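Here are a few short exercises to work through with the model open. Try each one yourself before you read the solution.

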Amino acid sequence: MTIETLALVSDYLRADGAIVVENPATGAVLGRIASHDADAVSAIIDKADAARIAWAQHSAQARSNLLRAWHGLILAHADDLARIITLESGKPLAEAKGEVAYGASYVEWFAEEGKRAYGETIPGFSPRSRILTIRQPIGTCAAITPWNFPLAMITRKVAPALAAGCSIVVKPAEATPLTALALEKLAHEAGIPADLFRVTATKSSSAIGALFCTHPLVRKLSFTGSTRVGQILMAQAAQQVTRLSLELGGNAPFIVFDDADLDAAVEGVLASKYRNAGQTCVCANRLLVQDGVHDAFVARLVARVGQLRMGDGMADGTTLGPLIDAREAARVAALVEDARTAGCAIKIGGTGSDGAFHPATIMTGVTQDMPIAQDEIFGPVAPVIRFTDEADAIRIANDTIYGLAAYLYSRDIGRVWRVMEALEYGMVAVNEGILSTETAPFGGVKQSGMGREGSSHGLADYMEIKYALMGGM
Ligand code: ADP
């Protein structure tokens, strides 16, 4: 079964490859691929820069046609891509299929949006002149992507880059390079010039990250990953004032007010907290629940979480897969143990991890000063913090270095507006547990990063504005 599923990437498999890709659910080796060193990546950047010159001369429509062809091939291979995602990342197959559809939607969206990179005309300061602006591709771009969405985190960088007229070199996460390579193969099959979009899997992440920031031809770096690595890249990028888009860590509050629809809020937690075993940067990290509904909400949530089925993502009925590896599972278990020692109650689940698996867990009695409330958990553990009133909720919610996504459940329209505006986050979902879509600007504030992906803003992040003064009339 594995051989057949990996047919899409068979060209890349090497018996002596330095990168060993494993299935986190079973520990089985899926395949080995070559690791690119800095010299190899540097040569790929040079070629990407040569390729973008011709690409930028294409009409937006011509670029759109090739992106559409890529989109069609991604959908045509959706089942194979989903299986590769599940095998290398562990997420349940149904979620992997969802990721393929979601990731493909960015390609379609930017195929269209690339045709709308409008400039402006601005009244001049004298009768003899006019002011206009045009938007031009930034140039050669680089991207570094994480393992939690091995496909979608790539399409939402590559599609806008190509639509804007840029070239792009992508370094995928060490754990999930096969999905990235499959995407590259399909893009080239669709007719996108090979040098324009290249995947450079490597074991030397930090060396390649430094190269992306210091290679004179790289004009922009887009990174999705931890705040720690984002800070390193930002410091390195200062040398050449390389443009940056950073999608970093989060610590999303999920606020349930007394007047919330509790069943809807429970389903929202399931989608937001336990999807991908809690390994998304917009995952609800802390559940803030108002006094009046605290016990009822926790009881309903415990009952619902009890229905999750942990197992191999390839198995029928699995709704909670493993974490990306055993080290991550042990890290999450240590956070739970720390909170338990501090007096928090475990309502379901627990501190035990088994290999890469960690059970779905709910803890009550958590306070905002605890590591489990301050750190990004990145696992299927929901700490519940009790609050008294609106001001209390806003204070706790904003008491973090992060500012990516926030969720709130209330039926009071005045409260919804007040709290939505007061939350220091780049994205707020009201009465919904999932907010990512290609049509909306995704991004954070504070130490969650800068720049936006998706929507028209996602295209603008790969373009420069040129102001032209047309005088001498
Ligand atoms: P996560 O905690 O989600 O794994 P990381 O920030 O560690 O987040 O990883 C995200 C991506 O950053 C991966 O592709 C990883 O290989 C890469 N990476 C890790 N360390 C560095 C570094 N020092 N420089 C550049 N990229 C790095």
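**Exercise 1.** Work out how many helices and strands the chain has.

*Solution.* Go along the DSSP runs from the N terminus, taking H or I runs of at least four residues as helices and E runs of at least two as strands. You end up with 16 helices and 18 strands. Bear in mind that this is a predicted model, where local features need pLDDT of at least 70, side-chain atom pairs count only at pLDDT 80 or more, and totals for chains, interfaces and linings use all residues. Residues are numbered from 1 along each chain as its sequence is written.

**Exercise 2.** Take helix α6 and check its span, its cover and what follows.

*Solution.* Start with the span: α6 runs over residues 152-164, 13 in number, and reaches 18 Å from first C-alpha to last. That's close to the 18 Å expected, which is 1.5 Å times one less than the number of residues. Next, the cover: 13 of the 13 residues of α6 are buried, meaning 20 or more other C-beta atoms, placed from the backbone, lie within 10 Å of a residue's own. Finally, glycine 165 comes after α6, with a positive phi near 105°.

**Exercise 3.** Find what surrounds the ligand.

*Solution.* Pick residues whose C-beta atom, placed from the backbone, lies within 6 Å of the ligand. There are 14 of them, and the closest are Ser206, Gly209, Gly225, Ser226 and Val229. Now look at the helices: α8 (205-214) and α9 (227-237) each supply at least two residues of this shell.

Note on methods:
Buried ≥ 20, exposed ≤ 12 C-beta atoms within 10 Å, placed from the backbone.
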